[in-house]
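Please take me through this model in a viewer, telling me at each stop what to select next and what is to be found there.

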Amino acid sequence: MSDTLAGILQIVAMVGLLALVYKPLGDYMARIFTTEKHWRVEKALYKLIRVDPDAEQRWTTYATGVLGFSFVGVVLLYLLQRLQAFLPMAFGHGAVTPSVAFNTAISFVTNTNWQSYVPESTLGNTVQMAGLTVQNVVSATVGIAVAIALIRGFVRSNTDRLGNFWVDLTRGVIRLMLPISFVAAIVLIATGVVMSFHSGVTITGVDGMQHTLPLAPAGSQESIKELGTNGGGIFNANSAHPFENPNALSNFIEIFLLLVIPVCLTRTFGTMVRSTRQGTVLAAVMGVIWLAFIAVAWVSETHPNGPAAQAAGAALEGKEVRFGIPSSILFGVSTTGTSTGAVNSLHDSYTGGAGGITILNMLLGEVAPGGTGTGLYGILVIAIIGVFLAGLMVGRTPEYLGKKLGRVQVTAASISILTMPALVLIGAGLAIALPSTLGALGNSGEHGFSEVLYAYASAANNNGSAFGGLTVTSDFFQVTLGLAMLFGRFVPILAVLALAGSLAKQRRVDAGAGTLPTDGTMFGVLVGGTLILVAALTFFPALALGPIAEALS
């Protein structure tokens, strides 16, 4: 079987499997966040933290819960790293430096999982499990909770209540993230993913010398890393490491895990607004962009420039031979289209066209299909902007799902979509302009600029993957990338919750003859066109200086 046919069959199988679980998982998530029944373990937690699960919150109170919970997470994770030398299973690793601990704490709490350190030589098992893995679960659930709050804004009328953040967080963790990640961990371990509490194992290599291979509880980390669209690897090579991703089957499972919740949340949206076609349209927009980007990147990697790549017949540098071009591209486009950031190949080694696709995927706002929760509320914000533009063109007050879109709603949506571009362009511009940071570039010219652009796009979008080649260990990069992760996460969340609060206060308006249908192909084209238009106008100059120039050279 040729690589091309194998790759096509893999994509078909992935789409088929996602379609198979789309309805049951999407409807299950809708039930999680709409039922009035509390599980016993949930009631015990509510009693412990003194929360009334039946008391609903205004958007400001909901946002305070998100910010307060995240702030405590940053502080605790920072302290765990700084006090690592006193913790069990540290395996001789000392305290993490203040700048790296600051950057890492923000990174994992914001669901970015950017890593500017070598995990196996920096962190012991206690910090990995009690710190990073815990944040992999809860940070992903925070994103889902915010998306659910926005859906309630569309569903509810004449109220200032959006639900209870602590209830949404607890249910998301106990009823969704933990059960699925537990099963997924067992499946991944069965495929060969390592699960060990030892620091390493000594073996005799083919050279006759003794070598120590680091071990880790990778199985449990890997499942939630992908399911929660986190992406931080327990080994430095991430999902290219055979202990994290040993074969084609584990690779397929990991891609499925990182796609499944963002895709199925569109069904959850449709179910909760009582129009499943609304969710189907959004899923279709996500799917078309995903498939188109896979096609462009695949063609670029199999038709490379340069004598070495042409002699090999494809751009094989930076690819694991057990995956090849098709599985590497499928993983790369999926991980940058979500906020996962895990990698099974070196994106820095991609051709100009394929590397540009990974950057563009993030610059679109990661909505194809996006992260857990962030993808859904991201594309809903784009849909609101699209409906507003359509209303301006026909001279009617824009409406979406029975809610009028006025100054307050459009302002909140605009803040949400403009935060990321501001962080990316300002951060990348400063890094390129300052002479002291140029030595961190692994390459010069267009590719070097792409490395910097990728880094800030990854941080501001809470993706966490790295182009590679760029050394970010200096205090400048640690602080600026940390701030990009922080503002890139919480400014849009605050804007989305404010939007949800304003929508919930409105009275539902019945659809009229002039109402734009939002459950058909025309609306899908409008949303997709708005998405591409916003990104093209904002980032085309930067892309032209980097990946486009490299692809044309």
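## A tour by selection

Begin by selecting Glu226, which counts as buried because its relative accessibility is 0%, below the 20% cut-off used for that class. The model on screen is a predicted one. Add Lys225, which is likewise buried, with a relative accessible area of 0%, and look at the salt bridge that joins Lys225 to Glu226, where the closest N and O atoms are 3.8 Å apart. Extending the selection to Glu222 and Glu244 completes a network of salt bridges, in which these two residues are linked with Lys225 and Glu226.

Next, select Arg267 and Asp27, which form a salt bridge whose closest N and O atoms are 2.9 Å apart. This pair links distant parts of the chain, since Arg267 lies in helix α9 (residues 248-272) and Asp27 in helix α1 (residues 3-32), 240 residues apart. Arg267 is buried, with a relative accessible area of 14%, and Asp27 counts as buried at 15% relative accessibility.

For a pair in another setting, select Arg322 and Glu320, whose salt bridge has its closest N and O atoms 2.5 Å apart. Arg322 counts as partly exposed at 26% relative accessibility, and Glu320 counts as partly exposed at 28%. Over the whole structure, the count comes to 13 salt bridges.

Turn now to the interior space, where the structure holds one cavity of 30 Å³ or more, with a volume of about 420 Å³. To centre the view on this cavity, select Gly365, Gly378, Ser416, Met420 and Asn461, which lie nearest its centre among the 26 residues of the lining. The elements that give two or more residues to this lining are α14 (374-394), α15 (407-433), α17 (475-505) and α18 (521-552), and the largest share, five residues, comes from α18. Colouring the lining by class separates 14 nonpolar, 10 polar and two charged residues.

The second largest pocket, with a volume of about 570 Å³, is the next stop: of its 29 lining residues, select Gln115, Tyr117, Asn236, Ala466 and Gly468, the closest to its centre. Its lining comprises 13 nonpolar, 15 polar and one charged residues.

Finish on the surface by selecting Phe71, Val72, Val75, Leu76, Leu79, Leu83 and Phe86, which form a nonpolar patch with about 710 Å² of accessible area together. Within this patch, Val75 lies in helix α3 (residues 59-82) and, at 34% relative accessibility, counts as partly exposed.

Technical notes:
Residues numbered from 1 in each chain as written. Predicted model: local features only at pLDDT ≥ 70, side-chain atom pairs only at ≥ 80, totals over all residues. Heavy atoms only, no water. 1 Å grid on protein atoms, 1.4 Å probe; cavity = no way out; pocket = protein on both sides within 12 Å on 5 of 7 lines; lining within 4 Å. Points joined across faces, edges and corners; volume = space filled by probe spheres on them. Nonpolar A, V, L, I, M, F, W, Y, C, P; charged D, E, K, R; others polar. Helix = DSSP H or I, 4+ residues; strand = E, 2+ residues; numbered from the N terminus. Patch = residues over 30% accessible without salt bridge, like charges linked within 9 Å, V, L, I, M, F, W, Y side chains within 5 Å. Areas by Shrake-Rupley, 256 points an atom, 1.4 Å probe, with all protein chains shown as cover. Salt bridge = Lys/Arg side-chain N within 4 Å of Asp/Glu carboxyl O. Buried < 20%, exposed > 50% of the residue type's maximum accessible area, 1.4 Å probe, protein only.
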